[in-house]
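Colleague: Before we discuss details, please let us have the sequence and the model in view. I shall then put my questions one at a time.

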Amino acid sequence: MSFIYNSKDFHWTITWSSNNSSNQSLFDEELRSRWQQAMDSGHFRFDLSEVVTRIIPGKRNYIAQLNTKRGTQRRHPQAMSSVSQPFNDELFNFTKIKPQEILFEIKSQQSQDLSVKSQENGYNCKRVQNAQNLVIINVSPFEFGSILIVPDVGRCQPQIVTEDMLKLGLEMVLLSSHRGFRVGFNSLCALASVNHQHMHGYYCEHNFYIDTADVSILGKGCYELVNTPVRGFVFQLFNSSIEEITNVNFQKDVHSSIILFVQGNCTQCDIYKGSGYRWQSYSR
């Protein structure tokens, strides 16, 4: 099954009141119903009935979760020695999952039209025709809707950030009308357990401190977190486009490209994509 979308399906303004079932987007309806069907059919290693979530008192209201089954029953993480470790086909990867773990393929109408056009014109364009962005269940879930997003699964890329992957993650956040839908990326040596390019997606019914954290302006369209335990760069889609966000992170000059600079210097990184408030209201 394929979920095909275009820019008209994006939700640019959402609130917590958008989370009830009557306001779910088509993307949310498809993802949540198929995920629940997979859970009811027993395709996960465990359910979420024993997961305990607490809000830690304090100015940041951090979210703490006790998920003992994920700690004991999840697949043993692969050994990682470098953030640029090559893909190894002999190890577990997402070409080896069971068919029941696949929820759907996700593709933009633009890529669909390009694939059809290339076939009609007789182009040998396997890169376009065979690209499969899969949405699969995370068999060791940590929240409702816990999924893995695997861009171009057959290309077998290692766990690095690419422009196409970043763009896909941003578009999936915009496809959801649920305030708590999040997409994240862990690099190797930063808790990624499988060296095959993927992102995490899930629903969380709580605010994240990072959604309203203070930021300082570094340059046009680029901010930095302040008053947080870890440092990080911040971008927002308000007054920007997806293309502008991806371009600033993948400029040809490696010293001007944040992601290429980080990966080129073998630095571990995490990327979080979610819906928050406009940072102008909270920046200084």
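**Loops, strands, cores and a cavity**

Colleague: In which loop is the place of Asp152?
Modeller: This is a predicted model, in which local features need pLDDT of at least 70, side-chain atom pairs count only at pLDDT 80 or more, and totals for chains, interfaces and linings use all residues. Residues are numbered from 1 along each chain as its sequence is written, and side-chain values use heavy atoms, with hydrogens and water left out. Helices (H or I, at least four residues) and strands (E, at least two) are DSSP runs, numbered from the N terminus. Asp152 belongs to the loop between strand S6 (147-150) and H5.

Colleague: Does Asp152 count as buried or exposed?
Modeller: Its phi is near 45°, a positive value in a residue other than glycine. Buried means under 20% relative accessible area, exposed over 50%, partly exposed in between (1.4 Å probe, protein chains only). Because its relative accessibility is 9%, Asp152 counts as buried.

Colleague: What does Cys189 count as in relative accessibility?
Modeller: Cys189 is not a glycine, yet has a positive phi of about 65°. Its loop runs between strand S7 (181-186) and strand S8 (199-203). Its relative accessibility is 34%, so Cys189 counts as partly exposed.

Colleague: Which residue in S5 is the bridge partner of Phe104?
Modeller: Two strands pair if DSSP finds at least two bridges between them. Strand S4 (residues 102-108) and S5 run antiparallel and are joined by three bridges. The partner of Phe104 in S5 is Val135.

Colleague: Which residue in S6 stands opposite Ile136?
Modeller: In a regular strand the side chains alternate between the two faces of the sheet. In strand S5 (residues 134-137), Leu134 and Ile136 on one side and Val135 and Ile137 on the other are all buried, and both faces are covered. S5 is also joined to S6 by four bridges, the two running antiparallel. Opposite Ile136 in S6 stands Leu148.

Colleague: Which helix gives the largest share of the largest nonpolar core?
Modeller: A nonpolar core is a set of buried Ala, Val, Leu, Ile, Met, Phe, Trp, Tyr and Cys residues joined through side-chain atoms within 4.5 Å. The largest one has 42 residues, of which Phe27, Leu31, Leu103 and Ile106 touch the most other members. Its largest share, eight residues, comes from helix H5 (residues 163-175).

Colleague: How many residues are in the other core, which includes Phe94?
Modeller: In the largest core, Leu31 touches Leu103, Phe104, Val135, Ile147, Phe181 and Tyr203, leaving aside residues up to four places away in sequence (contact means heavy atoms within 4.5 Å). Apart from this core lies another, with Phe94, Ile97, Ile136 and Val150 among its members; its residues number eight.

Colleague: Which are the edge strands of the open sheet?
Modeller: Three strands form this sheet in the order S9-S10-S11, with antiparallel pairing. Pairing on one side only are strand S9 (215-219) and strand S11 (233-234).

Colleague: Which residue in S11 is the bridge partner of Glu224?
Modeller: Strand S10 (residues 222-225) is joined to S11 by two bridges, and the two run antiparallel. The partner of Glu224 in S11 is Phe233.

Colleague: How far apart in space are Gln110 and Ser7?
Modeller: Gln110 lies in helix H3 (residues 109-120). Its relative accessibility is 63%, so Gln110 counts as exposed. Gln110 and Ser7 are 103 residues apart in sequence, while their C-alpha to C-alpha separation in space is 9.6 Å.
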